[in-house]
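Got the viewer open? Let's take a short walk through this one, one selection at a time.

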Amino acid sequence: MSKIIEPLRGVHDVLPAQVAAWQHLERITREVFAGYGYEEFRVPIIEQTQLFKRSIGDFTDIVEKEMFSFVDQGEDHITLRPEATAGIVRAVISNGLLRENRLRVWCMGPMFRRERPQAGRYRQFHQIDAEAFGFAGPDIDAEMILLSARLLRRLGLTHLKLLVNSLGTPESRAVYRDRLTAYFGAHEALLDEDSKRRLHGNPLRILDSKNPDTQRLVAGAPLMLESLDAESKGHFETLCAHLESAGIEYHVEPHLVRGLDYYTRTVFEWTTDALGSQSTVCAGGRYDGLVEQLGGPSMPGIGWAMGQERIVMLLEKQGLGAARDRPQVYLVLAGERTEIPGLELAERLRDAWPALKLQVNLGGGSFKTQFKRADKSGAQFAIVLGDDEVARGIVALKDLRRDGAQEECAIDRINERLGNLLGLKAG
């Protein structure tokens with residue numbers, strides 16, 4: 001007996017019973033982005049490894065420990081994308097999409113990181129991603145946050161908290177890095193090993209430490225907002241004014257940073273207390289130097305990513321999961337001579353009503369067994385076609401959800417009868 005092949009650790013299957021929630025999320029996502037004039041963009045899931053090293057930064061957990069990278073047969077260094085922004089920036093540059101100096105796009109799909117699997121965190125996970133290029137002012141920052149807020153609101157999700165902060169310009173952040181390095185350097189003996197490693201490479205990442213002892217040190221660390229240049233401070237204040245004007249509640253979190261090196265000025269997160277330690281459901285911010293860093297023109301950018309698995313978990317926890325898609329009609333084929341006319345009838349019904357959800361009983365089975373299958377399918381109606389019905393040119397129609405007699409209908413009138421019963425519209 002062959003051994004069952006198990007899925008890779010940290011990779012999960014989305015089963016038919018779970019797909020409805022995913023489809024609901026994806027449908028609402030498309031509607032919300034269309035309402036803001038964002039166009040869908042699709043980029044490869046594999047890229048040159050150098051793309052992520054240049055954009056994300058060498059002193060990040062992603063590059064140092066989490067990327068799925070390999071050398072292929074042609075000796076190209078390839079990485080499964082750990083996030084979407086770098087690939088989108090590469091794509092808009094290489095396809096010449098920045099010539100008009102304004103672009104709003106979004107994408108959705110799988111990302112890959114070799115992290116320790118836990119609830120809400122997987123090695124293959126899925127994200128919704130929004131990006132905008134060519135907008136320098138805080139108005140686009142506000143729109144990005146308002147867009148994410150509307151998506152979460154359309155989904156019906158509650159008990160979410162918006163955190164905002166500013167990382168300033170690269171120049172003001174360099175001053176802040178020096179202050180952080182001096183502060184944490186004076187307490188180096190109290191730092192955990194990861195933080196010691198980051199101290200002279202990327203001290204801002206220490207602010208994001210989950211180690212309780214380090215968090216106590218972080219509480220007394222200098223604040224980025226105190227090191228902001230005047231322009232960044234004005235940018236942040238205007239953003240906050242936009243949010244207040246729109247009625248969006250927010251909390252300034254001075255220790256909020258991003259795990260990627262390319263962020264500048266505005267950063268933000270939507271968090272929840274309903275998913276344990278995996279509290280962030282959406283995170284983003286500005287990356288005004290990334291396009292130029294990857295070989296494009298000097299152009300500002302901003303974006304956010306929302307974890308689909310975490311959103312689906314929240315939908316389920318808050319009782320907002322969409323109903324599983326079920327057939328409307330189940331076709332019972334009860335006889336030796338019903339298979340050919342039965343499949344012919346099913347196709348004719350689908351031609352007449354393109355939106356009709358019709359499931360045909362295949363593989364035989366007794367009349368009783370087929371009706372059990374029809375009931376289990378969730379269909380509202382069963383159409384019964386037996387040898388006698390074929391000979392008489394009729395079908396029997398049964399409402400599976402209400403008590404009542406089975407009715408007969410001429411086979412050439414069943415299209416019309418079903419259309420009336422189900423309120424169907426011709427394609």
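Select Cys107 to begin: this residue is buried, with a relative accessible area of 2% (buried means under 20%, exposed over 50% and partly exposed in between, using a 1.4 Å probe and protein chains only). Keep in mind that this is a predicted model, where local features need pLDDT of at least 70, side-chain atom pairs count only at pLDDT 80 or more, and totals for chains, interfaces and linings use all residues. Residues are numbered from 1 along each chain as its sequence is written, and side-chain values use heavy atoms, leaving out hydrogens and water.

Now add Cys282, which is buried too, at 1% relative accessible area. The closest cysteine sulfur to that of Cys107 is in Cys282, 13 Å away, so it is too far for a bond. A disulfide here is a pair of cysteine sulfur atoms within 2.5 Å, and by that rule the count is zero.

Next, select residues 138-154, helix H5, together with residues 230-245, helix H9 (helices are DSSP runs of H or I with at least four residues, strands are E runs of at least two, numbered from the N terminus). Their axes come within 9 Å and cross at roughly 40°; axes are lines fitted to C-alpha atoms, for helices over the stretch in contact, with angles from 0 to 180 degrees between N-to-C directions. That makes H5 oblique to H9, since under 35 degrees is roughly parallel, over 145 roughly antiparallel, 65 to 115 roughly perpendicular and the rest oblique.

Finally, show side chains: among the residues in contact (heavy atoms within 4.5 Å) are Pro138 and Ile145 of H5, and His235 and Leu243 of H9.
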